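This report describes the fold of a single protein chain, with attention to how its helices pack and which residues fill its interior. Please look through the sequence and the structure before reading on.

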Amino acid sequence: MRPETRHPLLLAAALALATNSVAHAAPLGIGHPVTQAEIALWDIDVRADGTGLPPGRGSVTQGREIFAQTCSACHGDKGQGTEADALAGGKGTLATAKPVKTVGSFWPYATTLFDYVNRAMPFTAPQSLSPDEVYAVSAYVLFLNGLVPEDASLDAKSLPKVAMPNRNGFTSDPRPDIPPVARN
């Protein structure tokens, strides 16, 4: 056997033995099978069409107060940005040399705002806001961008209907995440 073919064959044999021994290893005796209730705690994503939005409701007025307490230190009192990115403004800048990508100028779906705030904000205490508080903060940020009126209240039915200016600025991939599997 030539030396240049021997090394790949040895590597393949070693990987086959390692895989075989791992597949037949005894359970470690730790952990437990996950329950549906445990899965539900992690299943918090929200899709563009609103699928996954929880029950709740929040107004611009409520959101203004929550934003002042939990968001303004990083995003500024009007969402103009300070330590963190600006959330408001940027209208008409996407086609310029220096686009300002904010919720109102760039994001294609209002539901993405809810999803992000719900999962990742505030930065110092992610997932600490109730659904009502997340709806309220979302309403306030959308108000700052001129996308909802000051007397707006949002919930799972109204939030997906907010028309975002850049909704058609993205292309979607029509392929499913998981291709269908032929079954016999």
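Leaving aside its neighbours within four places in sequence, which residues is Leu142 in contact with? In this predicted model, Leu142 is in contact with Val103, Ala110, Leu113, Leu147, Val148, Leu154, Leu159, Val162 and Met164 once those sequence neighbours are set aside.

## Overall architecture

The protein contains 6 helices and 2 strands, and read from the N terminus these elements follow the order α-α-β-α-α-α-α-β. Of its 184 residues, 29% count as buried, while the accessible surface comes to about 12,800 Å², with 59% of that area belonging to carbon and sulfur atoms.

When contacts are restricted to residues at least 6 apart in sequence, 57% of them join residues at least 24 apart.

## The nonpolar core

In soluble globular proteins, nonpolar side chains tend to be buried together. Here the largest nonpolar core has 28 residues, and those with the most contacts inside it are Leu142 and Leu159. Helix 3 (60–70), helix 5 and helix 6 each supply at least two residues of this core, and the largest share, 8 residues, comes from helix 6. The two residues with the most contacts inside the core, Leu142 and Leu159, also touch each other, as the contact list of Leu142 shows.

## Helix 5 against helix 6

Helix 5 spans residues 110–120, and its buried positions are Ala110, Thr111, Leu113, Phe114, Asp115, Val117 and Asn118; the buried residues of this helix pack against helix 6, which covers 131–144. The axes of the two helices lie 9 Å apart and form an angle of about 130 degrees, which makes helix 5 oblique to helix 6. Their crossing is right-handed, and the contact is made by Ala110, Leu113, Phe114, Val117 and Asn118 of helix 5 together with Pro131, Val134, Tyr135, Val137, Ser138, Val141 and Leu142 of helix 6.

Asn118, which lies in helix 5, has a relative accessible area of 14% and is therefore buried, given that the cut-off for this class is under 20%. Not counting residues up to four places away in sequence, Asn118 touches Ile44, Gln127, Leu129 and Val134, and Val134 is also one of the helix 6 residues that make the contact with helix 5.

## Helix 3 against helix 6

Helix 6 also packs with helix 3, at an angle of about 95 degrees and with the axes 7 Å apart, so helix 3 and helix 6 are roughly perpendicular to each other. From helix 3, Val60, Gln62, Gly63, Arg64, Ile66 and Phe67 meet Glu133, Ala136, Val137, Ala139, Tyr140, Val141 and Phe143 of helix 6. Val137 and Val141 appear both in this contact and in the one that helix 6 makes with helix 5.

## Cys71 in the loop after helix 3

Cys71 lies in the loop between helix 3 and helix 4 (72–75), and because its relative accessibility is 12%, Cys71 counts as buried. Not counting residues up to four places away in sequence, Cys71 touches Ile66, Gly76 and Val137; of these, Ile66 and Val137 also take part in the meeting of helix 3 with helix 6.

Cys71 and Pro122 are separated by 51 residues in sequence, yet their C-alpha atoms are 6.6 Å apart in space.

Technical notes. Residues numbered from 1 in each chain as written. Predicted model: local features only at pLDDT ≥ 70, side-chain atom pairs only at ≥ 80, totals over all residues. Heavy atoms only, no water. Helix = DSSP H or I, 4+ residues; strand = E, 2+ residues; numbered from the N terminus. Buried < 20%, exposed > 50% of the residue type's maximum accessible area, 1.4 Å probe, protein only. Contact = heavy atoms within 4.5 Å. Areas by Shrake-Rupley, 256 points an atom, 1.4 Å probe, with all protein chains shown as cover. Core = buried A, V, L, I, M, F, W, Y, C linked by side-chain atoms within 4.5 Å. Axes fitted to C-alpha atoms, helices over the stretch in contact; angles between N-to-C directions. Parallel < 35°, antiparallel > 145°, perpendicular 65-115°, else oblique. Left-handed = near helix turned anticlockwise from the far one by under 90°.
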